[in-house]
Amino acid sequence: MTSSADTTLAPTVTFSAGAVRGTWRGEPGAAGSSAAFLGIPFAQPPVGDLRFAAPLPAEPWEGVRDATAYGATPQRGDNGITLIPEPSVPGESTLNVNVFTPVPGEMDAALPVLVYIHGGGYVSGSPASPWYDGAAFNRDGVVTVTVSYRLGFDGFGHIAGAPSNRGVRDWIAALEWVQANIRAFGGDPGQVTIAGQSAGGGAVMTLLGMPATQHLFHRVWALSSATSLVTGERARTLSAKLANIAAVAPTRDGFASIPEEQLRGLQEKAAAPDTKNPLGMLHALVSDGLAWGPMIDGDLITRPTLESLAAGVGADKPLVLGATDDEFTMALDGARGKLRFVPVDLALRPLKLDRAVRRDYLAANKDVRAKGTAAMLGRYITDAIFRSSVVRIAEARTKVGAAPTWTYRFSWASPTRTWSLHCLDVPFWFDCLDAPTVSAIAGENPPPALAAAVHGSAVALIRDGDPGWTPWSASPGATRVFGGDPSRPDVDADGYASVRPLV
């Protein structure tokens, strides 16, 4: 392997802003080798007068820029132990891309491109995660790009006199960078697939529903996508609440006077639900969604994503979407003992489910109900936030005759965390089972065959436009089940049947 200090054999690529020097992984030219170019700025640092501005293209540089270490991240500080390792890197130039390619500098290679947007609830997450390394995709002939974007209030909060949806504008600027420059890294700008998990899944679904972004990508894979958007009214209310907590005027100058480090803690206070009751907090999460995230601003985003897709926006783009079976059930593990004496029907009532819907939903989930009240509440949260939107989106696109829509479930249960939980599918999707901390969530011996199936399907969509199973649009309900009961078919004829009472 060539070290970053050895510039003799280091891969160098020249594009519109200048030249960058990366790092080889493996011997150049050997089977499976690829190059990483890290921390390439796609926009100017969002500091000073640019802090709450729309992203501006990065300024060109002279000479060869070192791209052997991850760039600064919008995420600041140590978030503690998280399901996905997400390093924070200090610095001002936080709007950057990381490019992983097996053919650096080969302008005519025209390999398909994956652009991945990380999750983290729009308030955290890092493109510098070792789980997002593109080595396995490079091995399979896919140029991979991971992107950063402004988080929390800086990226998504309402500010009078400032551009709205700044984080969304960052995604767009990164995709524009890909269109302009990816040929230099061996990629084909006419074969771009966007993908993301959790908030990143919400990001790619938001982009799919935006008329203004359709020319920037061609296929979509959404993992556990949180698709709800923040209403303009709620965004304004949260902004006013934050200004009041910070004791500043609710203006651009007022918010600019709050240091990033301080704002991070204040935005958590502003977004905290009014109730301390656990079930009330769950209801707030289900009904209101995330506090900071893409906002219906009447300008860049004019309507909810589902409504936009139902009107035919993005109908020409093949789409794969799905979720794990028990995204957030783990959150109730600590309350299992207390909830064991609470009847399930009674526990669901504070969540304000219609009585008939509640009855039908419990009847459709007898297997989960048998595991206890905590498990049933966890499944409901999973279904309400994630899995029900899979069905709604698949059905909406089918009605408008959109390009094929495929759905899947990730059903393999973690041997260390009990459930098929949130984020568990990510190392299988990236085929990085040997990456740091994967064993904490997937055990010491996660099944490589499952990774081959999940990752192989992703490569097939990116490369061929078809992940390899019957689409929902051809057979409504058809769902690929990854890691399910080996005695049953891989494709379930109605894989989301248990969710239908909520749709």
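**Group meeting: a walk through the model**

Let's start with a serine: S414 is buried, at 4% relative accessible area. Before I go on, keep in mind that this is a predicted model.

So where does S414 sit? You'll find S414 in the loop that runs between β12 (405-410) and α15 (426-429). And what does its side chain reach? One partner is the backbone nitrogen of T416, at 3.1 Å. There's also the backbone oxygen of I441, which lies 2.6 Å from a polar atom of the S414 side chain. I441 turns up again in the contact list: leaving out residues up to four places away in sequence, S414 touches W419, S420, L421, L424 and I441.

For contrast, have a look at a lysine, K366. Is K366 buried or exposed? It counts as exposed, because its relative accessibility is 62% and the cut-off for exposed is over 50%. K366 belongs to helix α13, residues 366-369. If you want a ruler on the screen, go from K366 to G196: they are 170 residues apart in sequence, and their C-alpha atoms are 32 Å apart in space.

Okay, aromatics. How many aromatic pairs does a search of the whole structure find? The search comes back with 29. Take Y149 and F156: their ring centres are 6.4 Å apart and the planes sit at 75 degrees, so we call that pair edge-to-face. Y149 and F156 are both buried. Another edge-to-face pair is W469 with F482, with 5.8 Å from centre to centre and 85 degrees between the planes. W469 is in the loop between α17 (448-464) and β13 (479-482), while F482 is in strand β13 itself, so this pair ties together parts that are 13 residues apart in sequence. W469 is buried, at 6% relative accessibility, and F482 is buried too, with 1%.

That pair also belongs to a wider group. Which residues form one aromatic cluster with W469 and F482? The cluster has Y116, Y132, F137, W221, Y408, W429 and F430 in it, along with W469 and F482.

Now the holes. The structure holds five cavities of 30 Å³ or more, and the largest has a volume of about 280 Å³. Its lining is made of 19 residues, and P74, R76, L151, D154 and E260 are the ones nearest the centre. Two elements give two or more residues to that lining, namely α2 (152-156) and α7 (260-271). The largest share comes from α7, which supplies five residues. What is the chemistry of the lining? It splits into seven nonpolar, four polar and eight charged residues.

Last stop, a couple of backbone oddities. A110 has a phi near 50 degrees, which is positive, and A110 isn't a glycine. A110 is in the loop between β6 (96-101) and β7 (111-117), and it is partly exposed, at 32% relative accessible area. S198 also has a positive phi without being a glycine, at about 60 degrees. Its place is in the loop between β9 (187-197) and α4 (199-208). Is S198 buried or exposed? S198 is buried, with a relative accessible area of 10%.

That's my tour; over to you for comments.

Definitions and conventions
Residues are numbered from 1 along each chain as its sequence is written. This is a predicted model: local features need pLDDT of at least 70, side-chain atom pairs count only at pLDDT 80 or more; totals for chains, interfaces and linings use all residues. Side-chain values use heavy atoms; hydrogens and water are left out. Helices (H or I, at least four residues) and strands (E, at least two) are DSSP runs, numbered from the N terminus. Buried means under 20% relative accessible area, exposed over 50%, partly exposed in between (1.4 Å probe, protein chains only). A polar contact is a pair of N or O atoms within 3.5 Å; within protein, one must be able to donate a hydrogen and the other to accept it, and residues adjacent in sequence count only if both atoms are side-chain atoms. Contact means heavy atoms within 4.5 Å. On a 1 Å grid over the protein atoms alone, a cavity is a set of points where a 1.4 Å probe fits but cannot get out, and a pocket is an open set with protein on both sides within 12 Å along at least five of seven lines; lining residues have an atom within 4 Å of a point. Grid points are joined across faces, edges and corners, and a volume is the space filled by probe spheres set on the points. Ala, Val, Leu, Ile, Met, Phe, Trp, Tyr, Cys and Pro count as nonpolar, Asp, Glu, Lys and Arg as charged, and the others, Gly among them, as polar. Rings of Phe, Tyr and Trp (its six-membered ring) pair if their centres lie within 6.5 Å; planes under 30 degrees apart count as stacked, over 60 as edge-to-face and the rest as tilted.
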